[in-house]
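Subject: Structure for your attention

Dear colleague,

Please find below the structure that I am handing over to you, with its sequence. My findings follow directly after it.

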Amino acid sequence: MLCQQCRKRPATVQITQITDGHKVELHLCEECALKSGKLDFISDPQVSLENFLTGLLQSDINAAAGARPAGVQCQACGMTYQEFSRTGKLGCAECYRFFMDQLQPVFRRIHGNTRHHGKLPRRLEGAARARREVQELRERLRRAVEAENFEEAAALRDEIRLLEASLNQEPGKTGG
Amino acid sequence: MPGGINHAMSKWMDGSGPEADIVVSSRIRLARNLTAVPFPNRQSKEQADRVIEQVAAAVERFNRDGPMHLTVYRLRDLTPLERRVLVEKHLISPQHLQSADTGAVVVSQDETLSIMINEEDHLRLQVILSGLQLEPAWEAASRLDDALAETLDFAFREDVGYLTACPTNVGTGMRASVMTHLPALAMTNQLPRVVGAIMKLGLVVRGLYGEGTDAIGNMFQISNQITLGQSEEEIIDNLRNLTVKILQEERTAREDLLHDARYQLEDRVSRAYGLLTHARIMSSQEAMQLLSDVRLGVDLELIRPVPIGILNELLVETRPAYLQSMAGEELGPDERDRRRASLIRQRLQNRAGI
Ligand SMILES: [Zn+2]
Ligand SMILES: [Zn+2]
């Protein structure tokens, strides 16, 4: 939905106004919402967030119509990507595996990020933490090489090797 | 019926937490799903029942191993009125009412811990504490999460974290929020600026009971929107730092009001107190606004003290479903307005003479 004020930018803010006992809903972009000075009543952002999400998914699908192999579908629950982009809701945990390529840009738009940095479940903690560390070290190594800081790069490389060796010994290793 | 519906109030309302004059409550909510079952929007009734059974078994274990006691209620076993009271107490969401057939709720005695089962996700763990206490709330939620994960297999991927029905919650699955009372910022027309600043930081603001018509009484909930890419601690730090800033702005605005318009302010809060202690008909909206004024007057010592706990409790007690549940019957709007006025008079006048 486009902003009702400027009709240029997408409406991301929903404002409910009560005037003389009548409820009026306004859909504005962030800029116009700020200008209107009517921000004291932002009603249920979860709803507008979901509208925003499905809007984003729809435009995404329209833009890529034809370009995308038709009928991406979750083999576990049968959810199609088409259906997901209409409802904004995935059908099961496996949907993430089948739709990962399509979901990555969605994550980037919503969260500005595509990788989890938070809590790890206890059962995966040891190995997952080590794998996360390896990844961070690799990133530091890349930057050290870019900066031609070879001494640091060598140290980082040794550290990565050590960690990876210990990871490969771990019996309960699961694929990530 | 949950004991919590009848016993006066939840622990978070007692006003005991830090900064409780402005920050009413802090809340952490974690979304979790079971690996082997489709998400609630795609599961059968039988699967939904099995999810409830599995969670109930995990809860039983949690009760056995620790000092907290959680009780499981299926929504279909509660009356519609009892369900609406759970919404008014923030223990379940309005959306959860739509899954009354398949939904359940788990509540601790003091109502600080709760779990919605089969809402948008299989589990929504929630901790609410009084005042600004995001860290303790997160620790309690995480402990409950760990305890349940000993028997439940939560859907998780190393790359994108905890898997949720909606990609807006993926990663930490965490929504952290604070409920703040910001009357002075509202009176001095500074809310648009403050709300704008909050939104720029990727956080969200909304009114107390979520729906537009109820966003009154100067109560604002601030919460994080991003759940992927930041750790729980980072999200909480950001929210806490921002809350402290808003708190300071609210305090400054209060001082300015006292300095520039003391008589008008005294008049306003005293009138509010007078109306609340004498009116015979009181709508829900009017009550919320007047309670906000009285709260400000008490904070600034402009009127006789009323414990914050009573003001917090009145916020919930004056809601339509709660009033009816106390009356033990469904009431029409006129009858509700009379009962509301009488309840408020009693609650405040019992405090008179202090
Ligand atoms: Zn606009
Ligand atoms: Zn699926």
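Among contacts in chain A between residues at least 6 apart in sequence, 36% join residues at least 24 apart. Please bear in mind that this is a predicted model. Chain A contains 7 helices and 2 strands, and its elements run β-β-α-α-α-α-α-α-α from the N terminus on. Of its 176 residues, 40% count as buried.

The zinc site

The zinc ion (ligand 2) has as its protein donors the SG atoms of C74(A), C77(A), C92(A) and C95(A), at 2.3 to 2.4 Å. Along the chain, these donors follow the spacing C-x2-C-x14-C-x2-C. C77(A) sits in the loop between α2 (45-63) and α3 (81-87) of chain A, while C92(A) sits in the loop between α3 and α4 (95-98), so the pair ties together parts that are 15 residues apart in sequence. The arrangement around the zinc ion (ligand 2) is tetrahedral because the 4 donor atoms subtend angles of 101 to 123°. For reference, the ideal angle for four tetrahedral donors is 109.5 degrees. C77(A) counts as buried because its relative accessibility is 18%, under the cut-off of 20%. C92(A) is likewise buried, at 6% relative accessibility.

The nonpolar cores

The largest nonpolar core comprises 100 residues, and I28(B), I115(B), L123(B) and L148(B) have the most contacts inside it. Helix α7 (residues 232-278) of chain B contributes the largest share of this core, namely 13 residues. A second, separate core of 24 residues includes C74(A) and Y81(A) together with V160(B) and A165(B). C74(A) is also one of the zinc donors.

Which residues surround L148(B), leaving aside its neighbours within four places in sequence? L148(B) is in contact with A58(B), V59(B), I115(B), L123(B), L125(B) and F154(B). Of these, I115(B) and L123(B) are also listed among the residues with the most contacts inside the largest core.

Strands β8, β9 and β10 of chain B

Strand β10 (residues 219-224) of chain B pairs in the antiparallel sense with β9(B), over 5 bridges. Strand β8 (residues 174-181) of chain B also pairs with β10(B) in the antiparallel sense, again over 5 bridges. On the β9(B) side, R206(B) has Q221(B) as its bridge partner, and G207(B) has F220(B). From β8(B), V178(B) stands opposite I222(B).

How many residues of β10(B) are buried? The number is 6 of 6, and the strand is mostly covered. M219(B), Q221(B) and S223(B) point one way from β10(B), whereas F220(B), I222(B) and N224(B) point the other way, and all are buried. In a regular strand, side chains alternate between the two faces of the sheet. Strand β9 (residues 203-207) of chain B has 4 of its 5 residues buried, so it is largely enclosed by the rest of the structure.

Helix α6 of chain B and the adjoining loop

Helix α6 (residues 191-200) of chain B is also largely enclosed by the rest of the structure, because 7 of its 10 residues are buried. The buried residues are L191(B), P192(B), V194(B), V195(B), G196(B), I198(B) and M199(B). The helix is followed by G202(B), whose phi is positive, near 80°.

N189(B) lies in the loop between α5 (183-187) and α6 of chain B. Its phi is near 55°, a positive value in a residue other than glycine. N189(B) counts as exposed because its relative accessibility is 65%.

E148(A) and N312(B)

E148(A) also has a positive phi, of about 55°, although it is not a glycine. E148(A) is placed in the loop between α6 (125-146) and α7 (150-169) of chain A, and at 59% relative accessibility it counts as exposed.

Is N312(B) buried or exposed? N312(B) is buried, with a relative accessible area of 1%. This residue is found in helix α9 (residues 308-317) of chain B. The side chains of N312(B) and R295(B) are joined by a polar contact of 2.9 Å. Leaving aside its neighbours within four places in sequence, N312(B) is in contact with M13(B), G15(B) and V24(B), as well as with R295(B).

With kind regards

How values were computed
Residues are numbered from 1 along each chain as its sequence is written. Chains are lettered from A and ligands numbered from 1 in the order in which they are written. This is a predicted model: local features need pLDDT of at least 70, side-chain atom pairs count only at pLDDT 80 or more; totals for chains, interfaces and linings use all residues. Side-chain values use heavy atoms; hydrogens and water are left out. A nonpolar core is a set of buried Ala, Val, Leu, Ile, Met, Phe, Trp, Tyr and Cys residues joined through side-chain atoms within 4.5 Å. Buried means under 20% relative accessible area, exposed over 50%, partly exposed in between (1.4 Å probe, protein chains only). Contact means heavy atoms within 4.5 Å. Donors are N, O and S atoms within 2.8 Å of the metal (3.2 Å for Na, K and Ca); water is not among the atoms, so sites may look incomplete. Four donors count as tetrahedral if all angles lie between 85 and 135 degrees; four count as square planar and six as octahedral if opposite donors are over 155 degrees apart and all others between 65 and 115; anything else is irregular. Two strands pair if DSSP finds at least two bridges between them. A polar contact is a pair of N or O atoms within 3.5 Å; within protein, one must be able to donate a hydrogen and the other to accept it, and residues adjacent in sequence count only if both atoms are side-chain atoms.
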